[in-house]
Amino acid sequence: MANQFLIKETMMQMKNLLASEIDGLKGNNPIYAGVQLLGYYQKGDTPEPIIYYYVDPLNDPDPGPNDDGSVIVTGSIKLVHKFKGFVDISYYGHQSNTDFSPALNIILKKFGQVDLGTREVLCKNIQTVVDGSKIKNGTLKFNGGIGDRILTVNNSNVEVTDIVLDGNNKQPSFSLVFVADNSENVVISKTEFKNLTATVSGGNPSNNAYGLMLSPYGVRNFSIHNCVFKDIRKYNNTAVSGTPMVGQGFTGGIFLYNGSEPTTPTSNSSSGIIKGCTFENIVNILDDGLDFNTYSGYLDADGIRFYSVAGGVNYFDITISDCIFRNISKRAVKLSGVGLCRGIKMYNLTVYATAMQYPMVSAIKLDADTIVDGLKFYASTLSDRCTIFLQMQGNYNLQVRNVYANYVDGAIQIAPVNTENIRDLKFENITIDSYSNYFITQGGTVVASQKRISFKDCVALPAKDLVDKYAVRLGSSVDLTCGVSFKDCRIDGANIALSGTDISINGLDITLDNTNYIGNSTAGGSILSTGLSSSVNNYANVSIVNTNINILNVNAAFLTSNRSFLLTRGKGYAIDNLRLKVSDNVATNVSHLDIMGENVTVDNLLYDGTSSLRIGVQDYIKSSCFTNVIRTTRSTLAPKTFIICGNTNNANVSFANIYDMLVMDAPVMSFNSGAKYIVNGLSHNSTNSSPILDSSLTVPVSKNGVIKFN
């Protein structure tokens, strides 16, 4: 039995064994037990020496052809080394600046585990072939063309760790890495996807350029964690890509797609986590000087993009958490919308925007059955603001909590693409530090019924010198449903317009300090309004409780346009503990408070101003009760009559405990049409001989307990 090895310093030496050395490896009593190889190109350039053994063609299985690593043909014989665990690529003769794709594919096919040894490896179209394949520790640099990519994962239990996937500033087919259908338990960790530059569009493969593409079908229990996606760009401009077009900007970090458009629905959805990843400088490059409608269509660079169609997967058990997005042209996360991309959960995401070519279109585009808990957006300046911070196109089951943004145009846009009921949307602990357009709106061209939309502990503060905009506009103009509730919120800077049934306000602070504000006509013009239709019968189940309105500054045009500070209209609604304060420098005697409807109860209303509370003037008031209504002010402006009732259909309205602190020579209460009014307790400072003016009524007001303070 041989007890020594034939020692060779390089692969070339081993491939050129002498005939005597070959004979020394053969037979029943060989001289050599095998060949010890000390290096590939030179001694010591591999991690450690390895032993190759003679293959007996009569007794040993054929190991296959020469592969320059595991199987070596020398002379008339074959030598084999059976690698175990990770195979260092130096054993297959890796050289810098030489395409290593064939050798990588051989290693993955035979052994399934590759160690790049911190080297940079030029390659293209690498494929996993066996389950449990692993690649680690180095750089895979793209060496292909537009029809190629770096890596395709075809198997389950694949791990890619500590790898840099360098696009070499080229454009791959769809993505640098693709995880194919039904590849389960795939782990990609501590890996960087970078330097992808796309200039060509047209046709599906070349119209998409992403770092990582995951099939939405059957890629179950995947884990993408602690990865970086950066410096990914796609041109959609005149100079580089030709005529810019909508749909030629698709690029990003991660894309849930496999290139197909199925027509049959399936439940074979992908699932997994994206955690602790950074997405940076993922951009479209456009021509300068475009307007919003143009550039928003040309942009399609997203950090994470989901895509689904009616015939494919419509629900994903996927969680995105603890990720950072920095300078993303269009959206940090884009869901498909229209209820075709449901089930996504997002936690603790942070978005930064600095020196953008155009403002980011949306931080997140939301679908139904979605959770967002923890989202922060920081723009360096107002010019880097997000245009539509949260854009929802799905209609139902949305939870958004613990959100902050400093500069946005619009904060929340509910823009359904079909008429299915908008329902069960919950927004909690939302803080918008500077909005330039709106806090909440129902946008888009499709109008749908609304119910169970709630806002709790939300704060919206306007941008400095906010132009004439609205803060909130919600309600269906089709069936006049609103279904909105506000609990312990502060919304400043512009008007709040809620149009429809089922409105609940319990704890709302509004401060208006905006010299540009004239009363945005799109949202009715009143600072707080519930009911914009001309018909009282369109509104029911409305309550306004614990509400404070503080008006510090408005544009003079608001004060000459007959706008209302407060406008409510409906059947069966209540106002309780509402305080409206107008600054002494605002001329309030031309704007009003308007209350209309049936079965209305008002209790504890405090108005600090000089204009009138108009009850049943623009529309009728019936079967309603007003108690503990107080007006007070420090303004030097001449006050107007406190309460005015004047509609021929007014009837059965009672007042109790009315207090007017203002000194004036005018009636405190004026009734000029309608019937069956009762005043039970009026205290005032008017010097007018008729503190309750009702001379035009057929049946006078029933007056009890009318007293003057002094």
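Is N657 buried, partly exposed or exposed in this predicted model? With a relative accessible area of 33%, N657 is partly exposed, because the partly exposed class lies between the limits of 20% and 50%. The legends below describe close-up views of the structure.

**View 1. Two asparagines with positive phi.**
This view presents N657 and N429, each of which has a positive phi although neither is a glycine. Most residues other than glycine have a negative phi. For N657 the angle is about 60°, and the residue is placed in strand β47, which covers residues 651–664. For N429 the angle is about 55°. The place of N429 is in strand β32, residues 422–442. N429 counts as partly exposed, since its relative accessibility is 33% and the class runs from 20% to 50%.

**View 2. The loop around G646.**
G646 belongs to the loop that connects β46 (643–645) with β47 (651–664). Its relative accessible area is 18%, so G646 is buried, the limit for that class being under 20%. When neighbours within four places in sequence are left aside, the contacts of G646 are I615, G616, V617, N672 and S673. S362 serves as a distant reference point: 284 residues separate it from G646 along the chain, and the C-alpha atoms of the two are 48 Å apart.

**View 3. An open sheet of 5 strands.**
The strands of this open sheet follow the order β1-β2-β3-β5-β4, and their pairing is mixed. The edge strands, β1 (5–8) and β4 (71–74), each pair on one side only. On average, neighbouring strands of the sheet are turned by 30° against each other, with direction ignored. At the β4 edge, 4 bridges connect this strand to β5 (residues 77–80), and the two run antiparallel. Within this pair, V71 has V80 of β5 as its bridge partner.

**View 4. Parallel pairing of β17, β20 and β23.**
Strand β20 (residues 271–275) pairs in the parallel sense with β17 (residues 222–225) over 4 bridges. In this pairing, I274 of β20 stands opposite I224. Strand β20 also pairs with β23 (residues 317–321), again in the parallel sense, over 5 bridges. Here S271 has D317 of β23 opposite it.

**View 5. Parallel pairing of β28, β30 and β32.**
Strands β28 (residues 370–379) and β30 (residues 396–405) run parallel and are joined by 7 bridges. Across this pair, L398 of β30 stands opposite T370. Strand β30 pairs in the parallel sense with β32 as well, over 8 bridges. In that second pairing, A405 faces I432 of β32 as its opposite residue. Strand β32 is also the strand that holds N429, shown in View 1.

**View 6. The largest pocket.**
The volume of the largest pocket is about 340 Å³. Its lining consists of 20 residues, among which F292, S296, V361, I388 and Q391 are the closest to the centre. Two or more lining residues come from each of the elements α6 (292–298), β25 (331–334), β29 (386–392), β31 (408–414) and β32. Of these, helix α6 gives the most, with 4 residues. By residue class, the lining of this pocket divides into 5 nonpolar, 9 polar and 6 charged residues.

**View 7. The largest cavity.**
A search of the whole structure for cavities of 30 Å³ or more finds 1. The largest cavity has a volume of about 40 Å³. The residues that line the largest cavity are P216, Y217, Y257, N258, S260, P262, Y307, S308 and V309. This lining comprises 6 nonpolar residues, 3 polar residues and no charged ones. The lining of the largest pocket in View 6, by comparison, includes 6 charged residues.

Notes: Residues are numbered from 1 along each chain as its sequence is written. This is a predicted model: local features need pLDDT of at least 70, side-chain atom pairs count only at pLDDT 80 or more; totals for chains, interfaces and linings use all residues. Side-chain values use heavy atoms; hydrogens and water are left out. Two strands pair if DSSP finds at least two bridges between them. Axes are lines fitted to C-alpha atoms, for helices over the stretch in contact, and angles run from 0 to 180 degrees between N-to-C directions. On a 1 Å grid over the protein atoms alone, a cavity is a set of points where a 1.4 Å probe fits but cannot get out, and a pocket is an open set with protein on both sides within 12 Å along at least five of seven lines; lining residues have an atom within 4 Å of a point. Grid points are joined across faces, edges and corners, and a volume is the space filled by probe spheres set on the points. Ala, Val, Leu, Ile, Met, Phe, Trp, Tyr, Cys and Pro count as nonpolar, Asp, Glu, Lys and Arg as charged, and the others, Gly among them, as polar. Buried means under 20% relative accessible area, exposed over 50%, partly exposed in between (1.4 Å probe, protein chains only). Contact means heavy atoms within 4.5 Å.
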